[in-house]
Structure formats: structure tokens, C-alpha cells
Amino acid sequence: MTQPAPNPSPVTMWSASSWATWKMCPFKWKLKAEKWGRPRSKTDTRMAVHAMPGLVVDRLFELWLHRREFQDFAWLEANFSMVWNLVESRQKPKWQHEAETAYVQRQTWRSVGILFDLLHKHRLLNAEMGIQTDYHEEIATGISIAGAIDLWTILPNGKLLVVDFKNAGSNSRRSVDQLHFGALALGRLLGREPDEAAYVCFHPQCAGYRKVILRDCDRKKLLARLARATEARKAGTCPAKYSAFSCPRWCEVRFACPTFLARIKSKNSSAEQRASGG
Ligand code: SF4
């Protein structure tokens, strides 16, 4: 009698953003994966509108680059409002202040001009390039990565470049990991590892093209950390990493987090004790 084939071990998938959340706080990753969190409140208004420039510029340039008429700035101008309205209808809460929305819209339009100029200045647009290239690749036994590469291109000197568009500073470890994800994926998709990597930041306050060295030792560390995190996920070990700075401000699942609630409670009871002179 033939033995049934053993079940292949399940594959654990990471995206660049889920990996960034895990590094910040594994418990937050777990709550988000379980779809905890609260609908946006008035206090989250700024977060909602300030997410729009990145979404609008990404979508507008994706459409524009697919046309492959790279000198055509007029097309961007003609379609900016359409993409803005589309993103706004999904993203902007009804209580958003109109003046703030108008300000962010003007900044976003400036970003469109900045990205257009940078793409031309650094000669990133040519026939041999890929835009918003989706990937889902197994990079080690039982570990896969998924996401999209903003742009990859063959430079005039024949080198392969992987590019990440950014709407904010790009010096963080999170950003470098994201480029490593893209480089690993490109290596599998094209059978060739990128020779160079870069961020193109389109935010008016930090606009620029920044070349990044993707070091092998960092890649090895990233793979080792991913392997450890994958084991922890399988074992259900997702500890909370509390930060007095970021938890109260930026964690959207904080009201489902026992660690956060316990800290608030203990802070309040200490304040009450001090007030009563105890
Ligand atoms: S509030 Fe802090 S500790 Fe709690 S889930 Fe969010 S990031 Fe983690």
C-alpha cells in the first residue's frame, strides 16, 4: 500500500508593511491581523488626510507610467483632480476641515511636479522598465514575501535599479527592509539581482533621489529575523512592545491592547494618589 504524501508545511506570508508592524510590536501585528481597531474618530482626522498625498501620487503615476508617454505632463494635470476625488471619496472622513484638505491638495500637486522632474532628471523612464510589479515569492522554506515594486528599470549603463517612491523621509530601517524585499523579489522574477537601489522622495520638504547600498550582511540579518518571527507567529508568541511615545499617538489598535489600557490605568491611579496627597 502506498503511503499518502506528507502535507507540505504551510507557507507564512510577509508584506513589507506587515513586517514593519511586527518589528514595531508583534502584539499590534496580531491585533491588526485579527482586524481589531476602531473606526476613525475625530482625533484621527489628520492621519486620514495626510495619508492622501501618497495614495494620490502613487495612483496617478501608476496610470501615467502605463501610458508610456513620458513627456506628457499635461495628462497629469488633466487627471489629477479625478484621482484626487476618487481617493478622497474613500479616504476623507466627512468631518475633515476643508481648509486643511485644500492645503494638502496643493502640497500633493507640488509632489506631482517633483516626482515628474526627478524621474526625468535621473533618467529612470525608458522602454525597459516595470511599474507597480506585483510579487509573491517564496524566499526560504515556509516563508514568502508579497507586495509591489514601485519601479524597476535598466539604466543607460545596463545596470538594474530598483526604486521605491516615498512620501516621507527614507533613512529608517523599515525603508531599507522594503527595498531588500523588492530586490529579493526582482531576483526571482527576472533571474537577476538589482545592481542598485534608490528612493525617490516626492514630499516637498524632503524631495530627492537617494541611492541606497543594499549590503549582503543586512540581507542575511533580515532573513534570520524573518525566520525567527515566522517561528514566533506559528507558535502564537506575539509580545507587546510598549512605547510611551508611539503607543498613545500612533497605535490604531491601542484600545484593544491590554498593555496600553493597563498603563493608562496605572498612570491615572498614580495621578489620583498625588492629587489626594497619598
Ligand atoms: S498600544 Fe503599543 S503595546 Fe499595545 S498593541 Fe499598540 S504598539 Fe503594541
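Me: Into how many nonpolar, polar and charged residues does the shell around the ligand divide?

Reply: Happy to help: this is a predicted model, where local features need pLDDT of at least 70, side-chain atom pairs count only at pLDDT 80 or more, and totals for chains, interfaces and linings use all residues. Numbering starts from 1 along each chain as its sequence is written. Ala, Val, Leu, Ile, Met, Phe, Trp, Tyr, Cys and Pro count as nonpolar, Asp, Glu, Lys and Arg as charged, and the others, Gly among them, as polar. Sorted this way, the shell comes to 10 nonpolar, 1 polar and 3 charged.

Me: Which residues come nearest to the ligand, and which element gives the most to the shell?

Reply: A residue is near the ligand if its C-beta atom, placed from the backbone, lies within 6 Å of it. Of the 14 residues around the ligand, the nearest are C25, C247, C251, C257 and F260. Two elements, α2 (26–33) and α10 (258–275), give two or more residues each (helices are DSSP runs of H or I with at least four residues, strands are E runs of at least two, and both are numbered from the N terminus). With 3 residues, the element that gives the most is α2.

Me: Is α4 parallel, perpendicular or oblique to α5?

Reply: The axes of α4 (residues 52–67) and α5 (residues 73–91) come within 9 Å and cross at roughly 135 degrees. Axes are lines fitted to C-alpha atoms, for helices over the stretch in contact, and angles run from 0 to 180 degrees between N-to-C directions. Angles under 35 degrees count as roughly parallel, over 145 as roughly antiparallel, 65 to 115 as roughly perpendicular and the rest as oblique. The crossing of α4 and α5 therefore counts as oblique.

Me: How do the residues of the contact of α4 with α5 divide?

Reply: Contact requires C-beta atoms, placed from the backbone, within 7 Å. Among the residues that make it are L55, L60 and W64 of α4 and W75, F80 and W84 of α5. The residues of this contact divide into 12 nonpolar, 2 polar and 3 charged.

Me: Is T21 buried, partly exposed or exposed?

Reply: T21 sits in helix α1 (residues 16–24), and beyond four places away in sequence it touches K28, W29 and K32. A residue is buried if 20 or more other C-beta atoms, placed from the backbone, lie within 10 Å of its own, exposed if 12 or fewer, and partly exposed in between. T21 has 19 C-beta neighbours inside 10 Å, so it counts as partly exposed.

Methods
Contact = placed C-beta atoms within 7 Å.
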